[in-house]
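Here are my notes on the model you sent round. They are set out as numbered points so that you can check each one against the coordinates.

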Amino acid sequence: MKNEVYGVLTFESTHHAISGEKVFKEAGLKFKTIPTPREITSSCGLSIRFNLDDLENIVEKIKETELAIKGVYKLTKINHKYSVEKIN
C-alpha cells in the first residue's frame, strides 16, 4: 500500500478557491482542485492540493496576491486513513 503526503490549502470561500486556481496556474505551479477533505472541515467547499516541495512558492504567491485562505495543511494518507497537520 502506497503512502501519500501532500499539502492542502483551504479558502474562505469557493470564490477565493477559484481565484487561487488562477493565481497558481499563472505562476506555473502544479496543483489539483479537490473537495475539502472531511478530516480538515466538515463544511463543503473547494481546496487546492499541492506537492509539499512547492510549499515555499505557494506561500509566496499567497502573500503576493493576498488570497483569502483559511489554512495550509499537510495530509498524510496511510492505508486509507488520513493524518492532518496544520502548517500555517
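The points below go through the sheet, the helices, the salt bridges and one loop residue.

1. Status of the model. This is a predicted model, and every value below should be read as computed from that prediction. Residue numbers count from 1 along the chain as its sequence is written.

2. The sheet. Five strands make up an open sheet, and their order across it is E2-E3-E1-E4-E5. The pairing is antiparallel. E2 and E5 are the edge strands, each pairing on one side only. From one strand to the next the twist averages 30°. As a general reminder, strands of a sheet pair through backbone hydrogen bonds, either parallel or antiparallel.

3. E1 with E4. Strand E1 covers residues 4–11 and strand E4 covers residues 69–78. The two run antiparallel and are joined by 8 bridges. Two of the pairs are useful for finding the register: Glu4 has Lys77 as its bridge partner in E4, and Thr10 has Gly71. The first of these pairs comes up again under the salt bridges.

4. E4 with E5. Strand E5 (residues 81–86) runs antiparallel to E4, with 6 bridges between them. Ile78 is partnered by Lys81 of E5. The two strands form a hairpin with 2 residues between them. In that turn, Asn79 has a positive phi of about 50°, so look there when checking backbone angles.5. Helix H1. H1 spans residues 14–26, which is 13 residues. From its first C-alpha to its last it reaches 19 Å, close to the 18 Å expected at 1.5 Å a residue. After the helix comes Gly28, whose phi is positive, near 75°.

6. The two sides of H1. Which residues of H1 are buried? They are Ala17, Gly20, Val23 and Phe24. These residues cover an arc of only 120° around the axis, which means that they lie on the same side of H1. In general, an α-helix has 3.6 residues a turn, so residues three or four places apart point the same way. The face turned away from the buried side carries the exposed residues His15, Lys22, Lys25 and Glu26.

7. What H1 packs against. The buried residues of H1 pack against E1, E2, E3 and H2. H1 packs on the sheet by touching E1, E2 and E3. The direction of H1 makes about 30° with that of E3.

8. Salt bridges around Glu4. The structure holds 3 salt bridges. In one of them Arg49 pairs with Glu4, and the closest N and O atoms are 2.9 Å apart. Arg49 is in strand E3 (residues 46–50) and Glu4 in strand E1, so this pair links distant parts of the chain, 45 residues apart. The side chains of Glu4 and Lys77 also meet in a salt bridge, at 3.8 Å from N to O. With Glu4 in E1 and Lys77 in E4, the pair ties together parts that are 73 residues apart in sequence. Glu4, Arg49 and Lys77 are thus linked in a network of salt bridges.

9. Exposure of that network. Is Glu4 buried or exposed, going by its relative accessible area? Glu4 is partly exposed, at 23%. Arg49 is likewise partly exposed, with a relative accessible area of 27%. The cut-off matters for both residues, because buried means under 20%.

10. The salt bridge in H2. Glu64 forms a salt bridge with Lys61, with 2.9 Å between the closest N and O atoms. Both residues lie in helix H2 (residues 55–65), 3 residues apart, about one turn of the helix. Lys61 counts as partly exposed, at 22% relative accessibility.

11. Glu39. This residue lies in the loop between strand E2 (31–35) and E3. Glu39 is partly exposed, with a relative accessible area of 41%. Leaving aside residues up to four places away in sequence, Glu39 touches Tyr82 and Val84. Glu39 and Val84 are 45 residues apart in sequence, while their C-alpha atoms are 6.9 Å apart in space.

Notes:
This is a predicted model: local features need pLDDT of at least 70, side-chain atom pairs count only at pLDDT 80 or more; totals for chains, interfaces and linings use all residues. Side-chain values use heavy atoms; hydrogens and water are left out. Two strands pair if DSSP finds at least two bridges between them. Helices (H or I, at least four residues) and strands (E, at least two) are DSSP runs, numbered from the N terminus. A salt bridge is a side-chain nitrogen of Lys or Arg within 4 Å of a carboxyl oxygen of Asp or Glu. Buried means under 20% relative accessible area, exposed over 50%, partly exposed in between (1.4 Å probe, protein chains only). Contact means heavy atoms within 4.5 Å. The expected span of a helix is 1.5 Å times one less than its number of residues. The arc is that of the directions from the helix axis to the C-beta atoms. Axes are lines fitted to C-alpha atoms, for helices over the stretch in contact, and angles run from 0 to 180 degrees between N-to-C directions.
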